[in-house]
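This report looks at a nonpolar core, a surface patch and a set of charged pairs. The structure comes first.

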Amino acid sequence: YAHAFLGAALCATSVGITARVFGDLRALATTEARIVLGAAVADDVLGLVILTIVVKIVTEGSVGLGLVAETVGAAVGFLVVATLVGAFIVPWCFEQLRRVTRSAATVVVLGFALTLGFAWAATLAKLAPIIGAFVAGLAIGRSPEHARIERERAARARADREKLQRERARRQAQLEREREHLRRSELARQKAITIMKNFPES
C-alpha cells in the first residue's frame, strides 16, 4: 500500500506554483494560463478522489461506492455552485457597491473578501483553498470592475516599489555618509600620527 499511497499523494498538481509562474511571466490573464489552471483544478479534483480511495483502502481494506460518489459530488458541486455564484452573484454585488460608493479601495476590499470566501468554501468541499481563489479570480475577471481593481492593485504595487526604492536609496546614502565619516576619521588619525612623529622630542 505504500507505493499506492505515495503515488496518490504525488498526483495532485500544485495550482499555486503554476499560478505564481504565470504571474511572474505576467501572463496570468491570458487564455493559455486559464486553460492550464483549469486543467490543474480538474486534476486536483481527480487527485482528491484517488487519494480518498487509497486512504480508505489502506485504513479499512476496502472502499465503498458511496464514499467515492460523495467525494466527487462535493468537489463537482462546489465547482458548479461557485461558477454560478461567480457568474451571477459577484457582478450583482459589484453593481450594488458601485451605486453606494465610488471608492476604489472599497472595490478592492470586496474583491479580496470574495476571494477569501471562495477559498474558505473550497476547504469545506475538501479542496485546496487556492482552487476557490482561482474561481473567484475568474469571476472578478469577468466583472465590469476588473479594470478598476487591476488599476488599484497596480497603483499599490507601484507605490510599494517606489517606497522600497526610496528606503534602499536612504540606506545607501547613510552607508556612504558612514564610510565618508570613517575615511575622514582615518585621515585625521594618520595626520595626527604624522605630526607626532615629526614633533621634536624635548
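## Salt bridges, core and surface patch

Glu-167 is partly exposed, because its relative accessibility is 28%. The model is a predicted one. Glu-167 pairs with Arg-171 in a salt bridge, at 3.2 Å from N to O. Arg-171 counts as exposed, with 52% relative accessibility. The two residues, Arg-171 and Glu-167, are four residues apart in helix H7 (residues 146–198), so about one helical turn separates them. Arg-170 belongs here too: Glu-167, Arg-170 and Arg-171 are linked in a network of salt bridges.

Side chains of opposite charge can pair when their charged atoms come close. In total, the model has six salt bridges. The table lists some of them.

| Pair | N to O distance | Place in sequence |
|---|---|---|
| Arg-171 and Glu-167 | 3.2 Å | four residues apart in helix H7 |
| Arg-179 and Glu-176 | 3.4 Å | three residues apart in helix H7 |
| Glu-180 and Arg-184 | 3.1 Å | four residues apart in helix H7 |

Arg-179 and Glu-176 are about one turn of the helix apart. Glu-176 is partly exposed, at 40% relative accessibility. Glu-180 and Arg-184 are also separated by about one helical turn, because they are four residues apart in helix H7. How exposed are these two partners, Glu-180 and Arg-184? Glu-180 is partly exposed, with a relative accessible area of 28%. Arg-184 is exposed, at 56% relative accessibility.

Now the interior. The largest nonpolar core has 23 residues. Those with the most contacts inside this core are Phe-78, Ala-82, Val-90, Phe-94, Phe-118, Leu-127 and Ile-131. Four helices feed it: H3 (31–60), H4, H5 (104–124) and H6 (129–142) each supply at least two residues of this core.

Which residues does Phe-78 touch, leaving aside its neighbours within four places in sequence? Phe-78 is in contact with Phe-118, Ala-121, Ala-122, Ala-125, Leu-127, Ile-131 and Gly-132. Of these contacts, Phe-118, Leu-127 and Ile-131 are also among the core residues with the most contacts.

The surface has a nonpolar feature as well. Val-72, Val-76, Val-80, Leu-84, Phe-88 and Ile-89 form a nonpolar patch there. Together these residues have about 530 Å² of accessible area. Leu-84 is one of them. Leu-84 is found in helix H4 (residues 65–100). Its relative accessible area is 46%, so Leu-84 counts as partly exposed. Helix H4 thus holds the patch residue Leu-84 and also supplies at least two residues of the core.

Methods
Residues are numbered from 1 along each chain as its sequence is written. This is a predicted model: local features need pLDDT of at least 70, side-chain atom pairs count only at pLDDT 80 or more; totals for chains, interfaces and linings use all residues. Side-chain values use heavy atoms; hydrogens and water are left out. Patches are made of residues with over 30% relative accessible area and no salt bridge: like charges are joined within 9 Å, nonpolar side chains (Val, Leu, Ile, Met, Phe, Trp, Tyr) within 5 Å. Accessible areas come from the Shrake-Rupley method with a 1.4 Å probe; for residues, only the protein chains shown count as cover. A salt bridge is a side-chain nitrogen of Lys or Arg within 4 Å of a carboxyl oxygen of Asp or Glu. Buried means under 20% relative accessible area, exposed over 50%, partly exposed in between (1.4 Å probe, protein chains only). A nonpolar core is a set of buried Ala, Val, Leu, Ile, Met, Phe, Trp, Tyr and Cys residues joined through side-chain atoms within 4.5 Å. Contact means heavy atoms within 4.5 Å.
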